[in-house]
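Subject: Structure handover

Hello,

Here is the structure we talked about. Please open it first, then read the notes below with the model on screen.

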Amino acid sequence: MNIEKKIRCYILENFLFTDDESVLNNDASFLGAGLIDSTGILEIILFIEETFDLKVFDEEMLPDNLDSVDKLVAFVKRKQAAMAAAA
Amino acid sequence: MIAVPRLLQDILLITAARRPQHLALVSTDARVSYREVADYACRLAHALRARGIQRGDRVVVFMDNGWQCAAAIFGVLLAGGVFVTVNCQTKARKLAFILRDSGARALLAEPALARVFQPAVEQLPDLTVLCAGGEELPAGVEDLAAILADQPAVPPAQSAIGLDLAALVYTSGTTGHPKGVMHTHQSLLFVLDSINQYLEFSQEDRLFSILPLNFGYGLFQWLSAVRAGATLVLERSFAYPVQVFKRMQDEGVTSFASVPTIYAMMLAHDAKYPLCFPSLRVVTNAAAALPAEFIPGIRRLFPQARLYKMYGQTECIRSAYLDPALAEIKPDSVGRAIPGTELLLLDERGRSVAPGEVGILHVRGPHLMRGYWNQPEKTAEVLVPGLLAGEVLLKSGDLFRQDAEGDLYFVARNDEIIKSRGEKVSPDEVENAIYSLSAVREAAVVGVPDPVLGEAVCAFVTLRDDAQVTAQQIKRACGERLENYMVPKYVLILPELPRTLNGKLSRKLILQQYGALIAKAA
C-alpha cells in the first residue's frame, strides 16, 4: 500500500468509520470539515509515527503539515526524504 | 448612554461607548474593536427585525468559534431575540432537533457548515437562513455580508425586560434528547458580575479561550471580557497545540480557561518540551474535576497565576469556586458558593444534612435558569420549592460533603451522565444512536476512567440473532448522529448483557462484570 492509501484507510476507518472512499476528499481540511478534533490530531500523529517509522517534532505539529490527506502525504514524504538524506 | 446593564446586550453597548477603539476580540481570522463588534451586532439586529424576528423569538447560531459567532450572539439579543448557540461539531439530525424543539425562527450559519445545516433546514421551509459569507450559497440562504451593508449601525429600540429570555443553552441530560436550559437577561447578568468579581477581571486583561461559545464556560469567557472591557483571544481548537501556545505568548494573554483534558495534554507536552507562560494572571478549571496531581504541573506552566478550581452546571452557569490560596491546601475541594449565592446540602426530603455528611447540592441565587424549554415535568424535578414563598432552589444531580469551614467536596453524580473531555455525554443519547442499527438488540453505554479524557465513552452491545454488525459500523452510526466527543472510544459486542433481579439492564452491573474487557480492547 502506498502512503496515500495507508493514510486514507486510517482516516476512513478511524474517523469516518467507513470504507466508502467517496466520503473523503484528499484536500479537505480535517478541522474545517469537522472530521477531526483536538484529540484526533494526536491520534493521527501517533499513527504516522508508527506506520512510517518517523518522529513528528513538536514544531511540526501544524495545520500545514497535518490538516488534510494531501498535506499528510507530502509531510510524510518530506520526512522520509530527510531521513534518507541523513542516513 | 446606558449606565447600568439591564439587558445582556447592554454590556456591549456600554463598553463600545466607553472604549470604542479597544480590541474586543482576536480570532484566527480577525482582530475587531468594540466599535466593530457593536456595529456588526446592531446591523444584524436590524436585518433580523426586517425578516420578522420579534421579541422572544429564538435564533440558532451555528458557527465555528470565531468573531462572527461572538458578535452574532449580541445581534440576536439586540433584535429582541433569544440566542441558541449550537456546537459546530453537531450533526444534521441533532441540529434539526434543536431547530424544531426551540421553535427557531432563524438560523445564522456559515458556508463551511452547509453540509450539515442544509439537510436540517430542508425540513423547515419557514426558517430564515442567513449565512456569514460564502460564494456559492444554497438556494434560499441569504448572504449576511451583502445584507448587513445596508443596515444602520445603531441599536434598534428595545422592548424586552430583564425577566425575558436571553438564551436557550442546549445540554445533554439523562433523557435521549438534549434539553434547552432557559436563561433570562437577569440570570446571566447576575452570574456574570459574580464571576467577574471573584476572578477580578479588568480592562487590562486579555482572556484566552479554546472553549466553544455554545458551552456556558466558553460563552462566559466572551461575556466576562465584554463586561470588563477586556480582550478575548479566541481559538477554534486545541488540535495544534504549538500554534495555540505561540498565540498565547504572542498575544500576551493574562487569563486561561480550560478543562482537565486540555491540562492533561499540556502537561504531557511540557514533559517533552517544557512550557512556561509567565504573563498569565488567572488560570481556571471547570466542567470536570481537576485531578489533584495536575496542580504542581499547572503551577510550573503558569508560575505567576492564581489557579481557580470551579464547579457549575448549565442550569446556573457557575455554582462554586475555591479560593486560589487554598489550591494546594484543599486540592480536592471546589470551594464555596460564588458571590451573592448560597449552596445547601440537603437530603432527598429537602432537610439539611449534618456537617460532614453527604447531601444533594442545592443552589440558591438569582442565577438559576427559568427551567427547561417546553419541559415542565423535567423542570419541576430540578427547580424545587425554596426558602421563601415563590422561590425555587436548583437541585443538582451531584452529591457533595462539606468540611468544617464550609468548603465542598464532590462525592458522586446522582445520575449516569458521562463527563468526557469536560463535555457532558448522555448515555441514552449514545444508546439511541446505536439503536438506529436494526441489527442491535441491546446497548448499554457507560463511562470508564481515562487518563486524558476523564472518562471514555464505552458501549456494550448485543446483536439480534444472525445479525452481523462490526464495532466500526456501530461507531460510524454514532459518528453520523453525534458530536465527535460522544462517539464511543470502545465498542464491545457481547453475546449477552447482565440484568438485575428485576430483569432490567443495569449500566452499573455491566461495568462491574465486563469493565475488565475494556482494558483488553484498548
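Which hand does the crossing of α4(B) and α5(B) have? It is right-handed. Keep in mind throughout that this is a predicted model.

**Two helix pairs in chain B**

Stay with that pair. Helix α4 of chain B covers residues 92-102. Helix α5 of chain B covers residues 114-122. Their axes come within 8 Å and cross at roughly 50°. An angle from 35 to 65 degrees counts as oblique, so α4(B) and α5(B) are oblique to each other.

Now look at who meets whom. From α4(B) come A92(B), L95(B), A96(B) and L99(B). They meet V116(B), F117(B), P119(B), A120(B) and V121(B) in α5(B). By class, this contact has nine nonpolar residues, no polar ones and no charged ones.

Next, go to α13(B) and α14(B). Helix α13 of chain B runs over residues 427-435, and helix α14 of chain B over residues 471-481. The two axes come within 8 Å and cross at roughly 115°. The crossing of α13(B) past α14(B) is right-handed. On the α13(B) side, V430(B), A433(B) and I434(B) make the contact. On the α14(B) side, I474(B), A477(B), C478(B) and R481(B) do. The contact of α13(B) with α14(B) has six nonpolar residues, no polar ones and one charged one.

Click on A433(B), which lies in helix α13. Is A433(B) buried or exposed? Its relative accessible area is 3%. Buried means under 20%, so A433(B) is buried. Leaving out residues up to four places away in sequence, A433(B) touches A477(B), C478(B), R481(B) and L482(B). A433(B) and I474(B) are 41 residues apart along the chain, yet their C-alpha atoms are separated by 8.6 Å.

**A helix pair in chain A**

Switch to chain A. Helix α1 (residues 3-14) and helix α4 (residues 69-86) have axes that come within 10 Å. These axes cross at roughly 135°. That makes α1(A) and α4(A) oblique to each other. The crossing of α1(A) past α4(A) is right-handed.

In α1(A), the residues to select are I3(A), E4(A), I7(A) and R8(A). In α4(A), they meet V69(A), L72(A), V73(A), V76(A), K77(A) and Q80(A). The residues of this contact divide into six nonpolar, one polar and three charged.

**Inside chain B**

What covers the buried residues of α1(B)? The cover includes α2 (34-50), α3 (67-78), α7 (185-199) and α8 of chain B. Helix α1 of chain B spans residues 10-18. Seven of its nine residues are buried, so the helix is largely enclosed by the rest of the structure. The buried ones are D10(B), I11(B), L12(B), L13(B), I14(B), T15(B) and A16(B).

Helix α8 of chain B covers residues 216-228, and A225(B) is found in it. A225(B) is buried, with a relative accessible area of 0%. Setting aside residues up to four places away in sequence, A225(B) touches Y34(B), L207(B), A230(B), T231(B) and L232(B). A225(B) and A24(B) are 201 residues apart in sequence, but 7.7 Å apart in space, C-alpha to C-alpha.

Then there is the nonpolar core. The largest one has 125 residues. Those with the most contacts inside it are L108(B), W222(B), M248(B), F256(B), M266(B) and F302(B). Take M266(B) as your example. Leaving out residues up to four places away in sequence, M266(B) touches F238(B), F245(B), F256(B), L275(B), F277(B), L301(B) and F302(B).

**Two loop residues to check**

Where is D53(A)? It lies in the loop between α2 (38-51) and α3 (63-66) of chain A. Its phi is near 50°, a positive value in a residue other than glycine. Its relative accessibility is 63%. Exposed means over 50%, so D53(A) counts as exposed.

A287(B) also sits in a loop, between β13 (282-285) and α11 (295-301) of chain B. Phi of A287(B) is near 80°, again a positive value in a residue other than glycine.

Best wishes

Conventions:
Residues numbered from 1 in each chain as written. Chains lettered and ligands numbered in written order. Predicted model: local features only at pLDDT ≥ 70, side-chain atom pairs only at ≥ 80, totals over all residues. Heavy atoms only, no water. Helix = DSSP H or I, 4+ residues; strand = E, 2+ residues; numbered from the N terminus. Buried < 20%, exposed > 50% of the residue type's maximum accessible area, 1.4 Å probe, protein only. Contact = heavy atoms within 4.5 Å. Axes fitted to C-alpha atoms, helices over the stretch in contact; angles between N-to-C directions. Parallel < 35°, antiparallel > 145°, perpendicular 65-115°, else oblique. Left-handed = near helix turned anticlockwise from the far one by under 90°. Nonpolar A, V, L, I, M, F, W, Y, C, P; charged D, E, K, R; others polar. Core = buried A, V, L, I, M, F, W, Y, C linked by side-chain atoms within 4.5 Å.
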